[in-house]
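Welcome! Here are some exercises to help you find your way around a new structure. Try each task yourself before you read its solution.

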Amino acid sequence: MTATDTPPQHPRIAWQTGRVRTIVAETSRVKSIILQPASWSGHWPGQHVDIRLTADDGYQAERSYSIASPPEEKLLTLTVERIEDGEVSPYLLDELRLGDALEFRGPIGGHFIWSQTRGGPICLVAGGTGITPLMAMLRHRKRSLAHIPASLIYSARSLADVIYRDELDTMARGDCDLRLVYALTREHPSNWNGHPGRVTETLLVENSFTPAQNPTFFVCGPTGFVESISSMLVKLGFDPFTIKTERFGPSGG
Ligand SMILES: Cc1cc2nc3c(=O)[nH]c(=O)nc-3n(C[C@H](O)[C@H](O)[C@H](O)COP(=O)(O)OP(=O)(O)OC[C@H]3O[C@@H](n4cnc5c(N)ncnc54)[C@H](O)[C@@H]3O)c2cc1C
């Protein structure tokens, strides 16, 4: 896909099927499902797809899942967390097998997107699986070899709950323009030098950019997390129009 400043318009997005090519266990509660779409016109980092499941009696359930893979890849990666009493996520994690056909439509979303042509600096703030669309942005940034200053502040329960941890650590080690900090809310190793507890204003100030640098923020996670971070950023003097948000609250019907 060629990146320009305007996201592609899809007046009517048709349902299609993708074959499950690979399933990767990311953490005890999260798996990545890598799909081979029948046809794909490309996507922007930050966009999502809708998944549709159909039961034998015709009952259907739809849920949204962000695309974790960068536009440079032909396969689509979705990263799904188990919601214990959920309808769709337990099926995707427990029942889906390699070679299965999964019905989906997309890409969807034109606001929460970033590409290297938009430049930086960018500050990404993730809560749990909210890392997924932000990972597409970081993977795209890495592929495009653009030295765009970026920062990722990632809140998870523990180190074991950090999704894509090896890839993120490797990415940050090899890139002096990328700052990475984990905020671990429930448990952290005793000799660990990251941030214990929730994301705070101080953490944002220390690991983000100044208002004068005019960063764009991408904040993604559960609704409460996104609202709390957005309020802090506005209080810290950042322009609300530079704060882009995506909420992972209940979505289907
Ligand atoms: C734009 C968008 C992108 C999303 N991307 C992702 C993604 O990349 N990965 C991912 O795992 N999820 C993502 N989600 C959330 C996803 O769409 C589903 O809501 C989630 O998988 C739960 O679906 P379910 O059918 O298993 O649970 P449901 O049957 O919908 O819900 C069962 C119970 O869990 C609660 N619940 C539902 N969703 C959540 C949630 N996210 N957190 C906590 N409690 C919840 C409900 O209130 C209900 O009590 C995204 C949502 C949106 C709107």
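One definition before we start: a residue counts as buried when its relative accessible area is under 20%, as exposed when it is over 50%, and as partly exposed in between. Keep in mind that this is a predicted model.

**Exercise 1. A salt bridge between two strands**

Task: Which residue forms a salt bridge with R105, and how far apart are the closest N and O atoms? Then decide whether each partner is buried, partly exposed or exposed.

Solution:
- Step 1. The partner of R105 is D50, and their closest N and O atoms are 3.3 Å apart.
- Step 2. Look up where the two residues sit: R105 belongs to strand β6 (residues 101–108) and D50 to strand β3 (residues 48–54), so this pair ties together parts that are 55 residues apart in sequence.
- Step 3. Now apply the cut-offs. R105 has a relative accessibility of 23%, so it counts as partly exposed. D50 has a relative accessible area of 11%, so it is buried.
- Step 4. Finally, look for further links: D50, E62 and R105 are joined in a network of salt bridges.

**Exercise 2. Two further pairs**

Task: Which elements hold the partners in the salt bridges E103 with R52 and E201 with K235?

Solution:
- Step 1. The side chains of E103 and R52 meet at 2.7 Å, N to O.
- Step 2. E103 lies in strand β6 and R52 in strand β3, so here the parts tied together are 51 residues apart in sequence.
- Step 3. E103 is partly exposed because its relative accessibility is 21%, and R52 is buried because its value is 17%.
- Step 4. Turn to E201 and K235, whose side chains form a salt bridge at 2.9 Å, N to O. E201 is in helix α4 (residues 201–207) and K235 in helix α5, so the pair links distant parts of the chain, 34 residues apart.
- Step 5. With 26% relative accessibility, E201 is partly exposed, while K235, at 65%, is exposed.
- Step 6. To put these pairs in context, a search of the whole structure finds twelve salt bridges.

**Exercise 3. Strand β7 and its surroundings**

Task: How many residues of β7 are buried, and which strands pair with β7?

Solution:
- Step 1. Start with a general idea: in a regular strand, side chains alternate between the two faces of the sheet.
- Step 2. Strand β7 covers residues 122–127, and six of its six residues are buried.
- Step 3. Sort them by side: I122, L124 and A126 are on one face, C123, V125 and G127 on the other, and both faces are covered.
- Step 4. Look for neighbours. β7 and β8 run parallel and are joined by six bridges; I122 has A150 of β8 as its bridge partner.
- Step 5. β7 also pairs in the parallel sense with strand β11 (residues 216–221), over five bridges. In β11, F217 stands opposite C123.
- Step 6. Add the helix: β7, helix α2 (residues 131–144) and β8 make up a right-handed β-α-β unit.
- Step 7. Pick one residue of that helix. I131 is found in α2 and is buried, with a relative accessible area of 0%. Its C-alpha is 9.1 Å from that of V162, and I131 and V162 are 31 residues apart in sequence.

**Exercise 4. Two pockets**

Task: What is the volume of the largest pocket, and which element gives the most to its lining? What lines the second largest pocket?

Solution:
- Step 1. The largest pocket holds about 1,200 Å³ of space.
- Step 2. Its lining has 45 residues, and those closest to the centre are E81, T129, G221, P222 and F248.
- Step 3. Elements that give two or more residues to this lining include β4 (60–66), β8 (150–156) and β12 (243–247). Helix α5 gives the most, with six residues.
- Step 4. Sorted by class, the lining of the largest pocket has 15 nonpolar, 20 polar and ten charged residues.
- Step 5. The second largest pocket has a volume of about 200 Å³. Among the residues that line it are R141, H147, M171 and D177.
- Step 6. By class, the lining of the second largest pocket divides into four nonpolar, two polar and four charged residues.

How values were computed
Residues numbered from 1 in each chain as written. Predicted model: local features only at pLDDT ≥ 70, side-chain atom pairs only at ≥ 80, totals over all residues. Heavy atoms only, no water. 1 Å grid on protein atoms, 1.4 Å probe; cavity = no way out; pocket = protein on both sides within 12 Å on 5 of 7 lines; lining within 4 Å. Points joined across faces, edges and corners; volume = space filled by probe spheres on them. Helix = DSSP H or I, 4+ residues; strand = E, 2+ residues; numbered from the N terminus. Nonpolar A, V, L, I, M, F, W, Y, C, P; charged D, E, K, R; others polar. Buried < 20%, exposed > 50% of the residue type's maximum accessible area, 1.4 Å probe, protein only. Pairing = 2+ DSSP bridges. Right-handed = clockwise from strand over helix to strand, strands pointing away. Salt bridge = Lys/Arg side-chain N within 4 Å of Asp/Glu carboxyl O.
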